[in-house]
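Let us practise reading salt bridges and surface charge in a structural model.

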Amino acid sequence: MMPFNKKLAKAAERKELGSALGIMSSIKKAGGRPDKHTYANIINTCVRCDNITKAEEFLAEMRDTVGLSVVSHYRISLVMGFKRKVPMTTMLKGYASEGMRSKAQGLLGEMMEKTIANDRSVSAFLRGCLRHGWYEAAVSAYEKACEEGIVEDGCRNVYAKILSLAGRSSDAFALNGLTGSTLASVSTTMAVTTGDDKKAAEAAIKRAEAKLNEEERSMKSDGLKNKFGDHLIAEARRDLNAAKKFLASDTSVNVKPSFARFLYLPKSTEDQSTESRIVEGWKAIGLEQIDDVKEFASSTLPKALDHGKLKITEESRGICLEVGTGSGDWILSRAKRDWSQQWVASEFKFDRCASIRQKCLLEGPRNVHIIGGDARECLPMLLPSSCVSEVHINFPEPPVWHDACAREGTGGDHLLTCDFFEILHGLCRGSCVLRVVSDNEQYLTTVRSEIGKLLGLWDSVELRELTADDESEPSSYFDRMWKRGHRSSRCRSLGTVTGRSSQRARREMEHFLERKGDLLSSMEGLRKEIGSLERCREALATTTTHAGVESVVAAFEDARSYTMRQIHEFKAQIQRESDATEELARIHYQENSVDLRARRSGCLMLMHELRKLMGLLYGEVEGFRHDLREHRKNQLAIALPHASDEEIEDALDRGVGLQQVLNKRSSAGRVEKLQDLQDQRSDIMKLERSVAEVQEMMSTLALLIDRQGGLLENIEFDVVNAKYTADKTYRTLVDTRRNQRRAQLWMLGCGFCCFIIIALIVLLLVLLFGRRL
């Protein structure tokens, strides 16, 4: 299996998942038996290509097929039966990098429980925490790793960065074994967050510089040519110089307002609200270091969001958006040129978002808002529609690193797809400028083809080389890395894809939203009009005269007719909007377009609201008809006292009313009697209400009496009990007195007997001595 394992290791290094899967298929077809090294390599390839599902499948297959294998220099799991340190750490790294927090925590806990976790395992988890802003999970994992005694310098360096970003720079600085780059990062954070304690920040900077000098001398003395190491040292010194410049300027920074400009949404599998996820991101940048955290968070969220969306400071200009901001050098340079323009930096990694915030505090621009997390989720969630005037995507990472991956189509997840550009179009206003810059011509061609799939949404899409003005952009992290010699061929083929959002589709969508809002407002007004029908029912219940009833019926019919006309008009408008939507779908939109889905769902929502209004109207009409029939039935019962209920119901079914009965009898006295009876009925109804009130009072009184009766029973029981106790006490006293008298008589008898005996003894003694004398 060794040749196959070497090929798999090479495929993992080059991220060629297709080739690796082909090798595994060849092994199985040839009747070979993959060993633990084979599975470790294929799992590593899946993880590096962001295919966690496939990696889990191979891990499960490895558990079932490899079996128990004792290797002296590796720890063995008796539960799973194979050497699993490498593949388990690889899976942990995949879970952590993809933001699967619960799975990563569960796997790390399992590894610690089985005592197979080591410094690399914990470091892989902590890097995921740093990548996604899992501050609390990082603290818990590090403390548990310290208890297990598996923490080494790798863990401490990652954990120090997490602590410093969370405002605990002093705790981070106290850790041992920190590298120069880590000390530089912690020192730069201390320069911003320590407030008036500048001496501590200056001392930290000196320690970081000394460590960097020591590492540089060590590399030179060993003869190592580590260009990337030189680049890291240079970048660390660049950050330290910025921190020293900031401290020398004697500028004090209030970090609290910067929380409102930092909107990071950690990945969540739970049903968390947007606000709770933002607060979780704030905890990772030092929210808990502020006094009264809950009050500060509740007061800061309204400053950052308006109805769940980012507040736009200048509606007329819109905002400029950079997707994939990276270290933030480009957007900070642009923001400092125009302080009145609102900029938004969108970045996936939490540590980069925190670094951008830190640079904003060091360099001064306050017009940069940071939206962190997956851009496909965060941008439509936090940005209002039609608010972006410019979109910049500078040097995005291609989905593949090698041509073989491009041929296989296995390069992992890819952001700049037609779906993402469709999301961007939903956020852009008319004639929004889109600009994508890259040094990978093949990738730019792919991006242009993805934009071209959205027919009618983006106009004037072109691929061109960068001009001299374009090349004068500020240097970025990767620019400086290439200039230092890490790659020498980067700037040979710089190009850009530019485009403008289609104005017609955007204008149609804006008009649809306006019409939809007007229809919803009109429906709300009609809902209040339907409420007037309820007042007609209330008036009918209090009316006793025939003229009054007819007046109420006429008012009800007028309101019902008006409401029905409005409902039919709303239905026609919604149908016209639906027809217009389908026409636009045929001309401009693709079938899965975001705007098309939004318009269709808007039409469905309007139809649903209309059906609710119709149901409400139907209920009011049916209720009024029922009340009117009962009212007329009561009137006929008064006019025809000898008629049965069946006769009255039959008369109502035939449409016979009270006036017809009275005209048929033509008796004025009967009319007067009916009027008197109606007055009596009103008095009886008042009397019934009074009786009901008295009944309620009596019920309350009975309840009170019942409660008092219980108290009286308790008192009676206590009295009887006291009487019994008194009688018993009296009997006890009588018995005691009787016993006392008996005791006195007995003692008196005993005393008398003793006296008689003593007297007899004395008498005998006298007689005895008398005879002797």
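**Salt bridges and a charged patch**

Q: How many salt bridges does a search of the whole structure find?

A: A salt bridge is a side-chain nitrogen of Lys or Arg within 4 Å of a carboxyl oxygen of Asp or Glu. The search of the whole structure finds 22 salt bridges. This is a predicted model, in which local features need pLDDT of at least 70 and side-chain atom pairs count only at pLDDT 80 or more, while totals for chains, interfaces and linings use all residues. Residues are numbered from 1 along each chain as its sequence is written, and side-chain values use heavy atoms, with hydrogens and water left out.

Q: Which parts does the pair Lys244 and Glu209 tie together?

A: Helices (H or I, at least four residues) are DSSP runs, numbered from the N terminus. The closest N and O atoms of Lys244 and Glu209 are 2.7 Å apart. Lys244 lies in helix 13 (residues 227-248) and Glu209 in helix 12 (residues 198-222), so their salt bridge links parts 35 residues apart in sequence.

Q: Is Glu347, which forms a salt bridge with Arg352, buried or exposed?

A: Buried means under 20% relative accessible area, exposed over 50%, partly exposed in between (1.4 Å probe, protein chains only). Glu347 is buried at 6%, whereas Arg352 is partly exposed at 30%.

Q: Which residues gather in a patch of positive charge on the surface?

A: Such a patch joins like charges within 9 Å, using residues with over 30% relative accessible area and no salt bridge. Here Lys93, Arg120, Arg127 and Lys161 gather in one. Arg120, in helix 7 (residues 119-132), is exposed at 63%.

Definitions and conventions
Patches are made of residues with over 30% relative accessible area and no salt bridge: like charges are joined within 9 Å, nonpolar side chains (Val, Leu, Ile, Met, Phe, Trp, Tyr) within 5 Å. Accessible areas come from the Shrake-Rupley method with a 1.4 Å probe; for residues, only the protein chains shown count as cover. Lys and Arg count as positive and Asp and Glu as negative; His and the chain ends are not counted. The place of a charge is taken as NZ of Lys, CZ of Arg, CG of Asp or CD of Glu. Helices (H or I, at least four residues) and strands (E, at least two) are DSSP runs, numbered from the N terminus.
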